[in-house]
Amino acid sequence: MGQKTFIIVGQSTLNFPKEDYDCYLWTDNIFKNNESFLETLIKSASLFDFGFMVFSADDELIVRDKHFESARDNVLFEYGLFLGRVGLDRAFVIAQQEAKIPTDLLGITNTRYEVKSGTDGKKVATDSLEKGLAKLKKQIDESINLGHLGLLPSTVLAISYFEGFVKLAAEWLTENTPGLEIDGTQYDKGILKIVMPDSLDADIKKCAMLYYKKLGLKEAKIDTKQRSYPIHFATKDGEDSLEIYDMPTILTGIDKAIDMYFRVGHIGKKIEQELAEENEMNNFRRVLQLLINEDAFCRECVVII
């Protein structure tokens, strides 16, 4: 779940490191039987975080009596589709040096690579491709660290959960320690541990209760500036530290949104649903961590586990 998911559309295969990303080529069973290409592409553009379009010089093009080498027209269309879905900072062109690109893209920096003929006569990419991909990797790594508003509600849910509970709980912990008292016991310090569920396959409320019961947590209430909140907590033997655990049951909203988006009429989950859930769970955690990092109180006493 810590990895990001990508889709690469084009005529060539690019070797992004699998330990860093989950990479999908357009040939990786993306297109299903009894589905139109357009339907599959539109759905895919909503499931993946990034799109990489390989503009290899596969076709010959004549423009105003001049001959050019050009990428396939379907790749141009797919780039426009992903550009509209995921945005300018998440749809990228990786173009062969000889390939003509649309005039609308002139003046925009793209990753370019050169090819040469190998010993067997086949054309292979030079090290210019690896150098270009290294720069591109750095850019997308930076982009991954930013939360973004997507089609599904993970960003909004993360903000709501942070503003409606996490920030308030962190303020309560910070302002009341040392000397924090719960059920007649005083603590010198406290920490809020946010527990991310493994998946959305089951009722998160029930999963949370089973988790709290497994750890033998106690129940209590805290009074923040806005309202009271039920909490589940534990203390370590011989220590004056309070540990509060919370599993964000608000994530149930993501599961319902995905079901509505795919118009689920079956039991079980398709690969597309699993990808969408993983994508949104990753984004929820990423946005939540960004919000925690930006709040002074939260940085001191909130962790995601």
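Helices and strands here are DSSP runs, numbered from the N terminus: a helix is H or I with at least four residues, and a strand is E with at least two. With that in hand, here are some notes to read beside the structure, which is a predicted model.

1. **A loop residue to start with.** Find Glu114, which sits in the loop between β8 and β9 (115-117). Is Glu114 buried, exposed or partly exposed? Its relative accessibility is 41%, so Glu114 counts as partly exposed. Now look for Leu129: 15 residues separate Glu114 and Leu129 in sequence, while their C-alpha atoms are 7.1 Å apart in space.

2. **A patch of negative charge.** Glu114 also belongs to a negative surface patch, together with Glu60, Glu69, Glu98, Asp127 and Glu130. One of these, Glu130, is part of helix α3 (residues 127-144). Glu130 is partly exposed, because its relative accessibility is 47% and the partly exposed class runs between 20% and 50%.

3. **The small open sheet.** Two more patch members, Glu60 and Glu69, lead us to strand pairing: the bridge partner of Glu60 in β5 is Glu69. Strands β4 and β5 (residues 66-70) run antiparallel and are joined by five bridges. They belong to an open sheet of three strands, ordered β4-β5-β7, with mixed pairing. Which strands stand at the edges? They are β4 (59-63) and β7 (99-100); each has a single partner strand, so one side of each lacks a neighbour in the sheet.

4. **Just after β5.** Follow the chain onward to Ala71, in the loop between β5 and α2 (73-86). Ala71 counts as buried, because its relative accessibility is 3% and buried means under 20%. Although Ala71 and Ala99 are 28 residues apart along the chain, 6.2 Å separates their C-alpha atoms.

5. **A covered strand.** Strand β6 (residues 91-96) is a good place to practise looking at both sides of a strand. How many of its six residues are buried? The count is six of six, and the strand is described as mostly covered. On one side you will find Ala91, Val93 and Ala95, and on the other Phe92, Ile94 and Gln96; both faces are covered.

6. **The partners of β6.** Strand β3 (residues 50-55) runs parallel to β6, and five bridges join the two. Phe55 stands opposite Ala95 of β6. Strand β8 (residues 111-113) also pairs with β6 in the parallel sense, over three bridges. There, Ala95 stands opposite Arg112. Ala95 is therefore a handy landmark, being one of the buried residues of β6.

7. **A salt bridge within a helix.** How many salt bridges does the structure hold? There are two. One of them brings together the side chains of Glu163 and Lys167, with N to O at 2.8 Å. These residues are four apart in helix α4, so about one helical turn separates Glu163 from Lys167. Glu163 is partly exposed, at a relative accessible area of 35%.

8. **A salt bridge between strands.** Another salt bridge links Lys193 and Glu243, whose closest N and O atoms are 3.5 Å apart. This pair connects distant parts of the chain: Lys193 is in strand β13 (residues 189-194) and Glu243 is in strand β16 (residues 241-246), 50 residues apart. Lys193 is buried, with a relative accessible area of 17%. Glu243 is buried too, at 9%.

9. **A hairpin.** Next, trace strand β14 (residues 218-223) into strand β15 (residues 228-235); these strands run antiparallel and share six bridges. Four residues make up the hairpin connection from β14 to β15. To check the register, find Glu219, whose bridge partner in β15 is His232.

10. **A cis peptide bond.** Finally, which residues does a cis peptide bond join? They are Thr177 and Pro178, with omega at about 0°. It is worth pausing here, because most peptide bonds are trans. Pro178 lies in the loop between α4 (154-176) and β11 (180-182).

Methods: Residues numbered from 1 in each chain as written. Predicted model: local features only at pLDDT ≥ 70, side-chain atom pairs only at ≥ 80, totals over all residues. Heavy atoms only, no water. Patch = residues over 30% accessible without salt bridge, like charges linked within 9 Å, V, L, I, M, F, W, Y side chains within 5 Å. Areas by Shrake-Rupley, 256 points an atom, 1.4 Å probe, with all protein chains shown as cover. Salt bridge = Lys/Arg side-chain N within 4 Å of Asp/Glu carboxyl O. Lys, Arg positive; Asp, Glu negative; His and termini not counted. Charge placed at Lys NZ, Arg CZ, Asp CG, Glu CD. Buried < 20%, exposed > 50% of the residue type's maximum accessible area, 1.4 Å probe, protein only. Pairing = 2+ DSSP bridges.
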